[in-house]
Amino acid sequence: MTQSLETAAHPERLRRVAIDPVSRVEGHGKVTLLLDAQGNVRQARLHIVEFRGFEKFIEGRPYWEVPVMVQRLCGICPVSHHLAASKALDRVVGAMPVTPSADKIRRLMHYGQVMQSNALHFFHLSSPDLLFGFDSEVNRRNIVGVAAAHPDIAKKGVLLRKYGQEVIRATAGKRVHGTGSVPGGMNKHVSAADRELLLRDARQMTDWAQDAVDIARTLHAQNPALYDHFGAFPSNMLSLVRADGALDLYDGVIRARDAGGAILFDGASDQGYLDLIEEEVKPWSYMKFPFLKSLGREHGWYRVGPLARLQNCDFIPSPRAEAARREFLDWGQGRPIHASLAYHWARMIEVLHCMEVITGLLDDPDILSGELMATGPRRRSGIGVIEAPRGTLIHHYEVGDNDLVTMCNLIVSTTHNNQAMNEAVRSVAREYIDGHELTEGLLNHIEVAIRAYDPCLSCATHALGKMPLELELLDADGRLIDRARKSGEGVFARGLHALEGGA
Amino acid sequence: MIRPVLVLGWGNRSRGDDALGPLCVDRLRDEMAGRADIEFLDDYQLMVEHVLDLHGRRCVLLVDASLGCAPPFETLALRAAADGSISSHSLSPQALLQLYFELHDEDAPPCTLLAIRGEQFELGAAPGAAALAHLDAALVWARRWLARTAVEHA
C-alpha cells in the first residue's frame with residue numbers, strides 16, 4: 001500500500017498544476033499535481049473541503065431535531081444521515097431495540113435510499129464515461145447523451161432511481177428531506193396504497209437491476225485491460241456485516257480485512273468505533289484521514305463502500321444478488337479485487353440486492369401496522385453506524401439533561417475513503433498524465449477515478465463534462481507559463497492569451 | 001389516471017426568493033382544488049426524474065424563480081435543447097425536454113415556463129416584499145393560463 005507521490009522531496013523545484021472545480025452544492029474538491037521539467041508527476045493530492053462545521057451547528061440543538069437537521073449534510077444521501085442520527089439517538093432515548101415495525105420501515109427506507117443513490121451514481125454520473133469513453137466528446141458525457149445513444153439504458157436508470165425515491169416518499173413522507181424516522185422509532189406506517197403502488201413495479205425493477213449488473217459485468221469483460229488496472233491498488237477494507245457475516249446495509253458489527261482478504265478484526269461493536277479507528281490530520285487537506293489503530297497511520301487506511309462491502313461479507317442474503325456477487329468474486333480469480341472501476345459493478349449488485357430486500361419488506365405486514373415507538377432508560381450518548389451508499393457512516397452524539405446536544409462527531413463515507421481516493425488520483429496521474437500533454441480528456445481520467453468512489457464532492461457531483469476546471473502551470477519560480485480551462489458549458493481552451501479576461 | 005395538465009414548481013423554501021416556485025404552486029393548488037384535470041407538484045430542484053412527470057400530459061406549466069428575467073415575470077414557450085446544464089441535482093427545463101425527446105423518441109408535451117423575478121436567495125431568509133409582489137402578478141397570469149387550458153379542452 002504505497003503512499004508514494006503524496007509528498008515530493010523538493011516541491012519548490014516543480015511545476016504546479018491545480019485542478020480546481022468551483023463548488024456549488026456538496027463541498028469543494030481540488031486536485032493538485034506537481035510536475036518536473038519533463039512533465040512527470042512528482043506529487044499528486046486530492047484536497048477536499050468537507051462541510052465539517054455542521055457538527056457545530058448540531059451542538060446546542062435539541063436532540064429530537066437532529067435526524068431532520070442532518071439531512072442537509074448531503075443532497076444525494078440525506079436519508080442515510082437521517083437514519084444514522086436516528087439510530088444513535090435511539091440509544092439516548094433507551095429504544096434498544098426499536099420495534100419490529102419501526103425497524104422494518106427504516107430498513108425499507110434505507111434500501112430505497114441506497115438503491116436510488118447507487119442508480120444515480122452509475123446511470124446519471126458514471127455511465128457516460130463508461131459507455132462513451134473517458135475522453136469522448138464533453139457535451140455527450142451526460143444522461144441526455146446516454147439517452148440519445150442508449151435510450152433503453154437511460155430509461156431504466158431514470159426509472160430505477162425514481163422507484164427508490166418513491167420508496168423514500170412512502171416511508172419518510174417526502175422524496176427529499178422527509179421526517180419519518182425519529183429517535184425511538186418511526187412516526188408513520190407505510191400506507192396500503194403506497195405498498196400496492198410499489199409492489200406493482202417491484203418485479204420489473206428487480207429485472208432491470210439485474211440488467212444493470214449485466215451491463216457492468218459486460219463493460220469489464222469487454223475491456224479487462226482498462227477495468228482491472230485503472231486506479232487499481234491494494235488496500236484494507238472495512239464495513240458493517242450482520243452477526244452471521246451476511247451483507248447488511250442498515251445494522252451490524254464492524255469487520256475489516258487486509259489487502260489479501262484476511263480478516264483483521266470481526267464482530268466489533270459499532271459502539272466501540274473509537275477503539276478501532278483514529279483520524280489523522282494532514283496540513284494540506286481540510287479532511288481527515290482515518291486509519292485502523294491496530295495497523296497505524298501508514299498501513300491502516302482502508303476502503304469503504306460497495307467494493308469493500310461485497311468482499312467483506314461472507315454472503316448476500318438474497319439469491320439473485322448473491323449469485324451476482326459470486327460471479328463478481330470469480331472475476332478476481334481467488335484474489336481480492338482492488339480496481340477502482342469495480343466499484344460500479346459492486347454498486348449494481350447492491351441495487352439488485354436492494355430490490356430483493358425491498359420486495360420482501362413490502363410483503364411484510366409489520367410495515368402497515370404495529371407499534372412504532374419504543375422507550376427505555378435515558379442515556380447520555382449514542383452512536384449510530386450505517387452503510388450509506390458510498391460507505392460506512394458514523395454519527396456520535398452526547399446529550400445533556402436538558403435534551404440539548406453537547407457533542408457531535410460525524411465520520412462520513414467520503415472521509416473513510418479519503419486516502420483511497422488520493423491513491424486513485426496518484427495511480428491515474430502516474431499512468432495517464434505522466435509525461436503527456438494535458439488535455440480535457442486526460443483530466444477527465446482523474447475525475448473518473450474520483451467518481452468511482454464518490455459523486456458527493458463538487459468535483460464529481462457536477463462533473464460529467466460540466467464541471468468548471470482550471471489548470472495553471474507555473475515554472476520553478478512560480479511564474480504562470482500555461483493555463484487550461486474547461487468551462488461549465490464544457491468548452492476546453494488552452495493558452496495564456498486565449499483565456500485572458502475569461503470568467 | 002394521469003391528469004392532463006401539470007403545474008410543476010421548484011425552489012428551496014428556505015432560500016429567500018427561491019421559494020417563489022413552490023409558493024406559486026401552493027397558491028394555485030389551494031385555489032383550484034376543484035380542477036380534477038390538473039396535477040400540482042413542487043420540488044427542491046428540477047431534476048432528471050421529472051422527465052417522467054411530463055409523460056401523458058396535454059400541457060405543462062413550469063414555475064421557477066429567476067434572477068435573469070425582467071420583473072415581475074416572464075413566460076417562455078420552451079423548446080428542447082441539449083444545453084449542458086445537467087448535474088446530479090438539477091438541469092434546465094430545456095434539457096429536461098431534450099431528455100424527454102431522447103427517451104421517448106417524440107417531443108414533450110407543450111411546456112411553458114413561468115419565470116418569476118427574484119432578488120435575494122440567502123439561506124434562512126424569507127421571500128422579499130418585491131418578490132412576493134412579483135408572485136402576485138405572476139399568479140394573475142397563471143390563473144388565466146390555466147383557465148384557458150380548461151376552456152380549450154372543454
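Helices here are DSSP runs of at least four residues, numbered from the N terminus. Keep that in mind for names such as α13 of chain A, the helix that holds A:E350. One more thing before we start: this is a predicted model.

So how far can you trust it? Chain A averages a pLDDT of 86, and 84% of the residues score at least 70. There are weak spots, though. Over residues 458-469 of chain A the pLDDT is below 50, even though this stretch has 68 contacts in the model beyond its near neighbours in sequence. Residues 498-503 of chain A also fall below 50, and that stretch has 8 contacts beyond near neighbours in sequence. Where pLDDT is low, the predicted coordinates should not be read in detail.

Let's go back to A:E350 in helix α13 of chain A. Is this residue buried or exposed? A:E350 has a relative accessible area of 1%, and because anything under 20% counts as buried, this acidic side chain is buried. What does the A:E350 side chain join up with? A polar contact of 2.6 Å links it to the side chain of A:R309. Setting aside residues within four places in sequence, A:E350 is also in contact with A:V114, A:N118, A:L249, A:P306 and A:L310, with A:R309 on that list too.

Stay with helix α13 for a moment, since residues 342-362 of chain A also include A:W345. The ring of A:W345 pairs with that of A:F328 in an edge-to-face arrangement, 5.0 Å centre to centre and with 85 degrees between the planes. A:F328 comes from helix α12 (residues 319-331) of chain A, so the pair ties together parts that are 17 residues apart in sequence. Both partners are tucked away: A:F328 is buried at 0% relative accessibility, and A:W345 is buried at 2%.

That is one of 10 aromatic pairs over all chains. Another one to look at is A:F230 with A:Y432, which is tilted, at 5.6 Å centre to centre and 50 degrees between the planes. Where do these two rings come from? A:F230 sits in the loop between α8 (224-227) and β6 (236-241) of chain A, while A:Y432 belongs to helix α15 (residues 418-433) of chain A, 202 residues apart. Here the two partners have their own burial labels: A:F230 is buried at 1% relative accessibility, whereas A:Y432 is partly exposed at 22%. Ring pairs also bring in A:F134, linking A:F134, A:F230 and A:Y432 into a cluster.

Helix α15 of chain A meets that part of the chain through another residue, A:S427. A:S427 counts as buried at 12% relative accessibility. Not counting residues up to four places away in sequence, A:S427 touches A:G231 and A:A232.

Follow the chain on from that loop and you reach β6, residues 236-241 of chain A. This strand belongs to an open sheet of 4 strands, in the order β8-β7-β6-β11 (chain A), with mixed pairing. Which strands stand at the edges? They are β8 (263-268) and β11 (302-303) of chain A; each has a single partner strand, so one side of each is left without a neighbour in the sheet.

The mixed pairing shows up around β6(A). With β7 (residues 253-257) of chain A, β6(A) pairs in the antiparallel sense over 5 bridges, and A:L238 stands opposite A:A256 in β7(A). With β11(A), β6(A) pairs in the parallel sense over 2 bridges. Those match A:N236 with A:Y302 and A:M237 with A:R303.

How many residues of β6(A) are buried? The count is 6 of its 6 residues. In a regular strand the side chains alternate between the two faces of the sheet. In β6(A), A:N236, A:L238 and A:L240 point one way, A:M237, A:S239 and A:V241 point the other way, and all are buried.

Finally, A:R303 does something besides pairing with A:M237 across the strands. The charged end of A:R303 sits over the ring of A:F233, 4.0 Å from its centre. There is another such arrangement in the model, with the charged end of A:R140 over the ring of A:F132, 4.0 Å from its centre.

Terms used. Residues numbered from 1 in each chain as written. Chains lettered and ligands numbered in written order. Predicted model: local features only at pLDDT ≥ 70, side-chain atom pairs only at ≥ 80, totals over all residues. Heavy atoms only, no water. pLDDT = per-residue confidence, 0-100. Contact = heavy atoms within 4.5 Å. Phe/Tyr/Trp six-rings, centres within 6.5 Å; stacked < 30°, edge-to-face > 60°. Buried < 20%, exposed > 50% of the residue type's maximum accessible area, 1.4 Å probe, protein only. Lys NZ or Arg CZ within 6 Å of the ring centre and 35° of its normal. Pairing = 2+ DSSP bridges. Polar contact = N/O pair within 3.5 Å; in protein donor to acceptor, adjacent residues only side chain to side chain.
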